[in-house]
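Welcome! Here are a few exercises to help you find your way around a new structure, each with a worked solution.

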Amino acid sequence: MGDVWTMAEQYKGQLKNVSFELLARGRSLANKLGTKLVAVLIGWNVSPADMRELILRGADEVYSVQDEGLKEFTCGTYAAILLDLIREHKPEIVLAAATTSGRTLMPYTAVLAGTGLTADCTALDIEEGTGNLLQTRPAIGGNIMATIKTPDHRPQMATIRPKSTRPLDADPRRTGVIKNIALKDSLIDERVSVLGLRKEGSDFVNLEEADVVVAGGRGLKKQENFRLIKELAESLGAVVGASRDAVDRGWISYPHQIGLSGKTISPKVYIGIGISGAIQHLAGIKTSETIVAINNDPEANLLKIADFAILGDAFQVVPELIKIIRQKKGAK
Ligand SMILES: Cc1cc2nc3c(=O)[nH]c(=O)nc-3n(C[C@H](O)[C@H](O)[C@H](O)COP(=O)(O)OP(=O)(O)OC[C@H]3O[C@@H](n4cnc5c(N)ncnc54)[C@H](O)[C@@H]3O)c2cc1C
């Protein structure tokens with residue numbers, strides 16, 4: 001049986017945290033199958049220490065293809081490299097993050113490899129008896145969870161939502177092999193060259209990476225009141241999030257939406273204000289370290305599951321919080 005592979009993502013030579021999240025997923029699958037877990041790294045300037053971190057956090061081997069020409073992600077070249085590795089080593093499973101590059105690379109490679117791909121999985125498991133990968137993801141607008149198999153083709157390929165898994169702690173006792181693989185000239189897609197990268201625009205909302213998120217919902221009553229959420233976020237250095245209801249009403253743009261049909265977040269602190277805590281919203285916040293809820297209904301679901309529940313009117317509680325935070329900051 002082939003190994004389990006996870007794609008390690010890097011940006012400007014720094015490994016992205018999602019690389020370690022994938023290793024946590026891959027580790028449990030490899031353990032169930034009794035195979036090795038391999039992290040595949042395509043990029044440039046990733047240090048040996050960072051590659052070792054991949055081993056400490058779950059990989060048995062690292063296949064590292066590094067070249068200055070791979071500094072920026074280009075789909076044709078990256079896919080050709082991945083396909084070349086797949087043809088040579090015949091992995092059982094290949095997992096990547098459902099990030100912009102993962103969502104581009106994986107379907108392109110799957111088509112070239114003649115296999116299937118399940119995008120945006122929230123759960124993965126191994127089917128007893130067959131060893132097939134069970135790939136679960138929301139389907140039909142999120143109304144059902146569908147479990148998809150690829151019984152006839154290999155490798156089985158899937159992308160996983162970032163922030164839906166906690167990375168394993170680095171275990172300094174773990175050992176593994178790092179294989180440096182030279183880039184073959186024949187794999188370079190000469191048709192594409194990167195002239196420059198667009199700067200992240202003002203519509204860029206980095207909710208997934210935020211340490212603190214302040215989110216507002218329908219309880220804010222109207223768009224103007226969302227300013228309270230923004231002010232509280234600003235005082236805390238937080239990123240603004242929202243429920244789908246607030247987004248559907250046009251109070252704030254879609255990139256701010258948290259939940260099943262929005263973003264999955266994993267901040268240290270999530271503060272939900274005027275949000276009831278519908279199951280689809282909770283799907284996006286369940287890996288938050290600390291959940292704070294502000295709601296005037298004692299029966300609100302978010303209050304019940306919160307680590308800190310403030311039962312009260314948002315229009316009284318939030319201005320008071322902003323005042324206290326500003327005072328504390330001023331006192332420093
Ligand atoms: C397929 C599908 C996908 C979905 N995807 C998502 C998703 O990604 N994200 C998402 O969020 N939802 C999603 N939903 C919608 C979800 O089911 C809920 O409808 C939505 O989350 C409700 O938003 P809300 O909590 O802002 O509004 P409500 O449920 O109306 O809750 C408003 C809350 O505000 C409180 N409140 C009112 N006034 C005040 C006040 N003055 N002070 C304090 N609290 C107050 C109320 O007590 C209430 O708890 C999805 C639904 C479906 C069917």
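**Exercise 1.** Find the strand that holds Gly-241, and decide whether this residue is buried or exposed.

*Solution.* Begin with the location: Gly-241 sits in strand 14. Keep in mind that you are looking at a predicted model. Next comes the accessible area, which is 0% in relative terms for Gly-241. Buried means under 20%, so Gly-241 counts as buried.

**Exercise 2.** List the residues that Gly-241 touches, leaving aside neighbours within four places in sequence, and find its bridge partner.

*Solution.* Start with the contacts: Gly-241 meets Leu-207, Val-213, Val-214, Ala-215, Gly-216, Phe-226, His-256 and Ile-258. One of these, Ala-215, is the bridge partner of Gly-241. Then zoom out to the strands: strand 13 (residues 212-216) and strand 14 run parallel and are joined by 4 bridges. For a sense of distance, take Gly-217, which is 24 residues from Gly-241 in sequence, while their C-alpha atoms are 9.0 Å apart.

**Exercise 3.** Work out the strand order of the open sheet that includes strand 14, and explain why one side of strand 14 has no neighbour there.

*Solution.* First, write down the order: the 5 strands run 14-13-15-16-17, with parallel pairing. Second, look at the edges, where strand 14 (239-242) and strand 17 (308-311) stand. Each has a single partner strand, so one side of each is left without a neighbour in the sheet. Third, add the twist, which averages 20° from one strand to the next. Finally, place a helix on the picture: helix 5 (residues 226-236) lies across strands 13, 14 and 15 (269-273), at about 170° to strand 13.

**Exercise 4.** Name the buried residues of helix 2 and some of the elements that cover them.

*Solution.* Helix 2 spans residues 48-56, and its buried residues are Met-51, Leu-54, Ile-55 and Leu-56. Their cover includes helix 1 (18-33) as well as strand 1 (4-8), strand 4 (37-43) and strand 5 (61-66). Just past the end of helix 2, look for Gly-58, whose phi is positive at about 135°.

**Exercise 5.** Find the strand of Tyr-11 and the surface patch to which this residue belongs.

*Solution.* Tyr-11 lies in strand 2 (residues 10-11). With a relative accessible area of 43%, Tyr-11 is partly exposed. On the surface, Tyr-11 forms a nonpolar patch with Val-194 and Leu-197, and together they have about 280 Å² of accessible area.

Methods. Residues numbered from 1 in each chain as written. Predicted model: local features only at pLDDT ≥ 70, side-chain atom pairs only at ≥ 80, totals over all residues. Heavy atoms only, no water. Patch = residues over 30% accessible without salt bridge, like charges linked within 9 Å, V, L, I, M, F, W, Y side chains within 5 Å. Areas by Shrake-Rupley, 256 points an atom, 1.4 Å probe, with all protein chains shown as cover. Salt bridge = Lys/Arg side-chain N within 4 Å of Asp/Glu carboxyl O. Helix = DSSP H or I, 4+ residues; strand = E, 2+ residues; numbered from the N terminus. Buried < 20%, exposed > 50% of the residue type's maximum accessible area, 1.4 Å probe, protein only. Pairing = 2+ DSSP bridges. Axes fitted to C-alpha atoms, helices over the stretch in contact; angles between N-to-C directions. Contact = heavy atoms within 4.5 Å.
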